[in-house]
Amino acid sequence: HYWYPKVFGRRMSETLGKIQFYLMTPGFLTMAFGQMGVGLLGMRRRIADYDPTQGFDTAHLVITIAGFVTALSVLVFFFNMVYSARRGKVAVGNIWRSRSPEWQIPSPLPMHNFETPIRVVGEPYDYSVPDSTYIEVAPQPAGD
């Protein structure tokens, strides 16, 4: 989501991003902690089948559903990438107000990032300092 505007010149859909987050986070955590839980209870790893008398059926069902929810969130992300590349809001310039050098050039990226070398002169966290400078661009050589 952070670099997408720099690459494509458009912003990703925030609504689809939130849907993806609220599917991915609980799905992944349920899957990961569920697997850790059954592992702590004695479930072995890397086996084709397991002994149903151990009582992991319900836990495995929950883990499987959580895995499908996580996979669905990845599909939402890929849909968001394609959708936003075509219909996303146009992102011009430094939309995140970042002080890093890569956000000081226009979006989408030009063929050559900086025509002349840059020099970092400021502190990275001086957001609150009015008119603070983070980078300086070297002057163009004479004759260009």
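Me: What makes the contact between the side chains of Glu 136 and Arg 119 a salt bridge?

Reply: In this predicted model, the side chains of Glu 136 and Arg 119 approach to 2.8 Å, N to O. A salt bridge requires a side-chain nitrogen of Lys or Arg within 4 Å of a carboxyl oxygen of Asp or Glu, so the contact at 2.8 Å qualifies.

Me: Which parts of the chain does this pair tie together?

Reply: Glu 136 belongs to strand 2 (residues 135–137) and Arg 119 to strand 1, so the pair ties together parts that are 17 residues apart in sequence.

Me: Why is Glu 136 called partly exposed?

Reply: Its relative accessible area is 37%. Buried means under 20% and exposed means over 50%, with partly exposed in between; Glu 136, at 37%, is therefore partly exposed.

Me: How many salt bridges does the structure hold?

Reply: The structure holds two. Besides the pair just described, the side chains of Lys 18 and Glu 14 meet at 3.6 Å, N to O. This distance is within 4 Å, so the contact counts as a salt bridge.

Me: What separates Lys 18 and Glu 14 along helix 2?

Reply: The two residues are four residues apart in helix 2, which means a separation of about one helical turn.

Me: Why are Lys 18 and Glu 14 placed in separate classes of exposure?

Reply: Lys 18 has 46% relative accessibility and counts as partly exposed. Glu 14 has a relative accessible area of 58%. The value of 58% is over 50%, so Glu 14 is exposed.

Me: Why are the rings of Trp 3 and Trp 103 regarded as a pair, and what is the arrangement called?

Reply: A search of the whole structure finds eight aromatic pairs. In the case of Trp 3 and Trp 103, the ring centres are 5.9 Å apart and the planes are at 20°. The centres lie within 6.5 Å, so the rings pair; the angle is under 30 degrees, so the pair is stacked.

Me: How do you know that this pair links distant parts of the chain?

Reply: Trp 3 lies in the segment before helix 1 (4–8), while Trp 103 lies in the loop between helix 3 (57–87) and strand 1 (118–120). The two residues are 100 residues apart.

Me: Is Trp 103 buried or exposed, and why?

Reply: Trp 103 has 1% relative accessibility. As this is under 20%, Trp 103 is buried. Its partner Trp 3 is partly exposed, with a relative accessible area of 41%.

Me: What makes the rings of Phe 79 and Tyr 83 a stacked pair?

Reply: Their centres are 5.8 Å apart and their planes are at 20°. The distance is within 6.5 Å and the angle is under 30 degrees, so the pair is stacked. Phe 79 and Tyr 83 both lie in helix 3, four residues apart. Phe 79 is partly exposed at 48%, and Tyr 83 is partly exposed at 34%.

Me: Why is Arg 11 said to lie over the face of Trp 96?

Reply: Arg 11 is 4.9 Å from the ring centre. The distance limit is 6 Å, so this value satisfies it. Trp 96 also belongs to an aromatic cluster with Tyr 2, Trp 3 and Trp 103.

Me: Why is Tyr 22 called exposed?

Reply: Tyr 22, in helix 2 (residues 14–40), has 58% relative accessibility. This is over 50%, so Tyr 22 is exposed.

How values were computed:
Residues are numbered from 1 along each chain as its sequence is written. This is a predicted model: local features need pLDDT of at least 70, side-chain atom pairs count only at pLDDT 80 or more; totals for chains, interfaces and linings use all residues. Side-chain values use heavy atoms; hydrogens and water are left out. Rings of Phe, Tyr and Trp (its six-membered ring) pair if their centres lie within 6.5 Å; planes under 30 degrees apart count as stacked, over 60 as edge-to-face and the rest as tilted. Buried means under 20% relative accessible area, exposed over 50%, partly exposed in between (1.4 Å probe, protein chains only). A charge sits over a ring if NZ of Lys or CZ of Arg is within 6 Å of the ring centre and within 35 degrees of the ring normal.
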